[in-house]
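Okay, everyone, let's get started. I'll put the structure up, and then we can walk around it together.

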Amino acid sequence: MENVVIIGSGCAGWTAAIYTARANLKPLLVTGAQPGGLLTTTTVVENFPGFSKGVDGNTLMMEMQEQAVRFGAQVQYMSVVERVDFSRRPFTLTVDGRELPAKSVIIATGAGHRRLGVRGEGELENKGVTYCATCDGALPIFRDQPLTVIGGGDSACEEANYLTRFGSVVYMIHRRDRLRASRVMTERTLANPKIKPVWDTVVEGVLDVCQDKVTGVKIRNVKTGEGSTLACAGVFVAIGHEPNTRLFKGVIDMDETGFIIPVKGARTNVEGVFVAGDCADSAYRQAITAAGAGCMAGIEAERWLAGRE
Ligand code: NAP
């Protein structure tokens with residue numbers, strides 16, 4: 001019987017593991033198929049406090065893991081939770097085909113970037129294609145270069161505005177003729193002289209796989225059908241996130257887009273099940289906010305378990 005099973009190995013999961021391990025609960029963390037989560041898909045993380053020169057995303061996650069293990073966290077590496085039964089306590093999780101009883105659970109399954117699914121996108125990821133301007137925008141390859149943001153929501157606007165600090169011009173490619181972002185964000189974005197909207201346009205491919213770097217995007221105007229190429233050194237895809245919460249559908253309360261709705265900080269509608277990080281956060285989605293939420297979930301789980309002894 002595990003005291004705490006933590007599902008997910010991003011910033012939220014490891015931080016919850018550090019806190020519950022230090023509370024002597026010997027948490028079991030199930031990493032999922034992508035150990036380290038989204039941060040392992042980026043390069044340098046420059047906005048995590050405490051690293052004045054930045055820190056490699058993989059290194060940061062490895063450090064968090066070592067820190068948790070040092071205090072007694074157990075890790076089920078590359079394992080995937082296939083099913084959960086939260087209908088009675090102890091809870092039952094099916095992990096790699098085996099049933100695991102748990103007194104409490106912390107959901108930290110994160111979110112994935114929605115992808116365009118066009119040629120060149122995967123091949124050039126981290127070679128000019130990125131999903132996070134805050135993480136990658138300041139990289140030297142983007143300095144004083146034309147950049148492209150794809151999407152028309154708040155995230156795309158935020159990314160575009162942020163990128164104007166680095167790029168020579170920021171094209172904002174959107175498939176419709178107006179933004180879906182909030183009014184204030186829309187106004188700010190359209191008033192920025194360095195942002196050039198490209199309306200009614202879809203991206204059909206990212207160039208140039210042969211050169212192993214981004215040189216432009218193949219685009220098509222959906223109203224005229226006309227295709228063309230737009231030269232740029234960076235492609236920032238901001239077409240939304242998909243929380244990894246399918247496993248909990250119908251059991252844990254979530255909004256219409258699948259983000260878990262936390263109750264009083266880190267609790268959920270099921271007593272003994274806690275939540276942390278991007279799977280419950282559609283607004284901030286930063287490494288530091290996920291880590292903070294992991295800390296909250298760890299403390300909540302510890303207090304809840306203590307109260308039942
Ligand atoms: P979003 O609001 O869902 O917007 C996604 C955008 O990407 C939409 O413009 C959508 O186009 C476009 N899109 C989706 N799939 C596409 C595809 N396959 N190809 C091309 N374009 C595609 O997502 P978000 O901007 O990440 O925001 C998510 C939530 O977080 C929102 O509630 C937002 O308000 C919130 N948020 C708030 C802030 C803030 O307040 N500072 C910052 C960021 C996010 P359509 O418009 O045609 O659907």
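So, α1 and α2: how do these two helices lie relative to each other, roughly parallel or roughly perpendicular? Before I answer, remember that what you see is a predicted model. Now, two packed helices get described with two things, the angle between their axes and the distance between those axes. Helix α1 covers residues 11-22, helix α2 covers residues 57-70, and they pack at an angle of about 20 degrees. Angles under 35 degrees count as roughly parallel, so α1 and α2 are roughly parallel to each other. As for the distance, the two axes are 8 Å apart. And if you want the handedness, α1 and α2 cross in a left-handed way.

Next stop, the ligand. There are 14 residues around the ligand, and the ones that come nearest are Asp154, Ser155, Glu158, Arg176 and Arg180. What kinds of residues make up that shell? Six are charged, seven are polar, and just one is nonpolar.

Let's zoom in on some of those contacts. Ser155 has an N or O atom in its side chain that sits 2.6 Å from an oxygen atom of the ligand. With Arg176, a side-chain N or O atom is 2.9 Å from a ligand oxygen. Arg180 joins in too, with a polar side-chain atom 2.6 Å from an oxygen atom of the ligand. And how much of the ligand does the protein cover? On its own the ligand has 910 Å² of accessible area, and the protein covers 70% of that.

Last bit: some backbone oddities in the loops. Where are the cis peptide bonds I'd like you to find? One joins Arg89 and Pro90, with omega at about -5 degrees. You'll find Pro90 in the loop that runs between β6 (81-85) and β7 (91-95). Another cis peptide bond links Leu207 to Asp208, and there omega is about 10 degrees. Asp208 belongs to the loop between β14 (201-207) and β15 (216-221).

Then have a look at Lys264. Lys264 isn't a glycine, and still its phi is positive, at about 45 degrees. To find Lys264, go to the loop between β18 (241-243) and β19 (273-275).

That's my tour, thanks for listening.

Technical notes. Residues numbered from 1 in each chain as written. Predicted model: local features only at pLDDT ≥ 70, side-chain atom pairs only at ≥ 80, totals over all residues. Heavy atoms only, no water. Near = heavy atom within 4 Å. Polar contact = N/O pair within 3.5 Å; in protein donor to acceptor, adjacent residues only side chain to side chain. Areas by Shrake-Rupley, 256 points an atom, 1.4 Å probe, with all protein chains shown as cover. Nonpolar A, V, L, I, M, F, W, Y, C, P; charged D, E, K, R; others polar. Axes fitted to C-alpha atoms, helices over the stretch in contact; angles between N-to-C directions. Helix = DSSP H or I, 4+ residues; strand = E, 2+ residues; numbered from the N terminus. Parallel < 35°, antiparallel > 145°, perpendicular 65-115°, else oblique. Left-handed = near helix turned anticlockwise from the far one by under 90°.
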